[in-house]
Amino acid sequence: RALRESEYKYRVLFESAGDAIYIHDEEARILAANTTACELLGYTQSELLSLRVADVDTPEEARFTPERIAKLRDRGRLSFTSSHRRKDGGRIPVEVSARIISWEGQSAMMSICRDITERKRAEEALAQKAALLAQTEEISQTGSWRYTVDTGKITWSDGMYAIFGTNRHSSD
């Protein structure tokens, strides 16, 4: 009875996790995957269990699988960002937290993968706004001028001299 309760608790935790969880061996064969993993990638449980890690990674990321497995084996845990490929070909950026575990009496690897699509969109939007701000600042300096009330003097930026086709010394 205690064993059944323990297994039930494990199953509830595994299947209820908000992140995709994969258990795979050192040859990168997927041994188990939770419901979230299936939903995220669009595969059935049996389809996922017939795949390897490189099959769910995008081609660009799959080439790093052997290196990552070696690092994981050496360190016992590893975190990195990657990109997974859905069954329909769509791509999902993920943050992976992996560690060595014991699975059915054998050494295996558990990878918890968080979908970071929204974070990537926000980062991209922020980068675009920063670039736009930098361009705006540069353009604003091109044709700027300043009037000093006390002296009545107007000071032009170098861009203003260029706009009017003159140089600083000829207008002073």
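Visitor: Which residues of the largest nonpolar core touch the most other members?

Guide: Those are Tyr22, Ile30, Leu41 and Leu48, out of 23 residues in that core. Keep in mind as we go that this is a predicted model.

Visitor: What makes a set of residues a nonpolar core?

Guide: The members have to be buried residues of a nonpolar kind, such as Leu, Ile or Tyr, joined through side-chain atoms within 4.5 Å. In soluble globular proteins, nonpolar side chains tend to be buried together.

Visitor: Which helices and strands each supply at least two residues of the largest core?

Guide: On the strand side there are β1 (20–24), β2 (30–33), β4 (91–103) and β5 (106–115). The helices are α2 (35–41), α4 (53–56) and α6 (65–75). There is also a second, separate core of seven residues, including Ile21, Ala32, Ile101 and Ala108.

Visitor: Let's pick one member. What is Leu48 in contact with, leaving aside its neighbours within four places in sequence?

Guide: Its partners are Tyr22, Ile30, Ala33, Ala37, Cys38, Leu41, Tyr43 and Val56. To earn a place on that list, a residue needs heavy atoms within 4.5 Å of Leu48.

Visitor: Now the whole chain. How do you know whether its radius of gyration fits a compact globule?

Guide: Set the two values side by side: a compact globule of 172 residues would come out near 16 Å, but the chain has 28 Å. The C-alpha trace spans about 95 × 35 × 35 Å along its principal axes. As for secondary structure, there are nine helices and seven strands.

Visitor: How many of the residues count as buried?

Guide: The share is 30% of the 172 residues. The accessible surface of the chain is about 11,700 Å², and 54% of that belongs to carbon and sulfur atoms.

Visitor: And how many charged side chains are there, positive and negative?

Guide: There are 25 positive and 27 negative ones, and the centres of the two sets lie 3 Å apart.

Visitor: Why is Ser83 called buried?

Guide: Buried means under 20% relative accessible area. Ser83 has 16%, so it counts as buried. You'll find Ser83 in strand β3, residues 77–85. Not counting residues up to four places away in sequence, it touches Val56, Asp57, Thr58, Glu61, Arg91, Ile92, Pro93 and Val94.

Visitor: Glu61 turns up there. Is Glu61 buried or exposed, and what makes it so?

Guide: Its relative accessible area is 16%, which is under 20%, so Glu61 is buried. Glu61 is part of helix α5, residues 59–62. Beyond four places in sequence, Glu61 touches Arg68, Thr81, Ser82 and Ser83. Phe164, on the other hand, is 103 residues from Glu61 in sequence and 53 Å from it in space, C-alpha to C-alpha.

Visitor: What about Arg68: why is that one called buried?

Guide: Arg68 has a relative accessible area of 15%, and the cut-off is under 20%, so the word buried applies. Arg68 sits in helix α6. Leaving aside neighbours within four places in sequence, it is in contact with Glu61, Leu78, Phe80, Thr81 and Ser82.

Visitor: Why is Tyr147 called partly exposed?

Guide: Exposed needs over 50% and buried needs under 20%, with partly exposed in between. Tyr147 has 47%, so it lands in that middle class. Its place is in strand β6, residues 145–148. Outside four places in sequence, Tyr147 is in contact with Gly152, Lys153 and Ile154.

Visitor: What is the sign of phi in Ala28?

Guide: Positive, near 70°, and Ala28 is a residue other than glycine. Most residues other than glycine have a negative phi. Ala28 lies in the loop between β1 and β2. With a relative accessible area of 7%, under the 20% cut-off, Ala28 is therefore buried.

Visitor: And Glu104, is it buried or exposed?

Guide: Exposed means over 50%, and Glu104 has 71%, so exposed it is. Glu104 is found in the loop between β4 and β5. Glu104 also has a positive phi, about 50°, although it is not a glycine.

Technical notes
Residues are numbered from 1 along each chain as its sequence is written. This is a predicted model: local features need pLDDT of at least 70, side-chain atom pairs count only at pLDDT 80 or more; totals for chains, interfaces and linings use all residues. Side-chain values use heavy atoms; hydrogens and water are left out. Helices (H or I, at least four residues) and strands (E, at least two) are DSSP runs, numbered from the N terminus. The radius of gyration is taken over C-alpha atoms; the globule rule is 2.2 Å times the number of residues to the power 0.38. Buried means under 20% relative accessible area, exposed over 50%, partly exposed in between (1.4 Å probe, protein chains only). Accessible areas come from the Shrake-Rupley method with a 1.4 Å probe; for residues, only the protein chains shown count as cover. Lys and Arg count as positive and Asp and Glu as negative; His and the chain ends are not counted. The place of a charge is taken as NZ of Lys, CZ of Arg, CG of Asp or CD of Glu.
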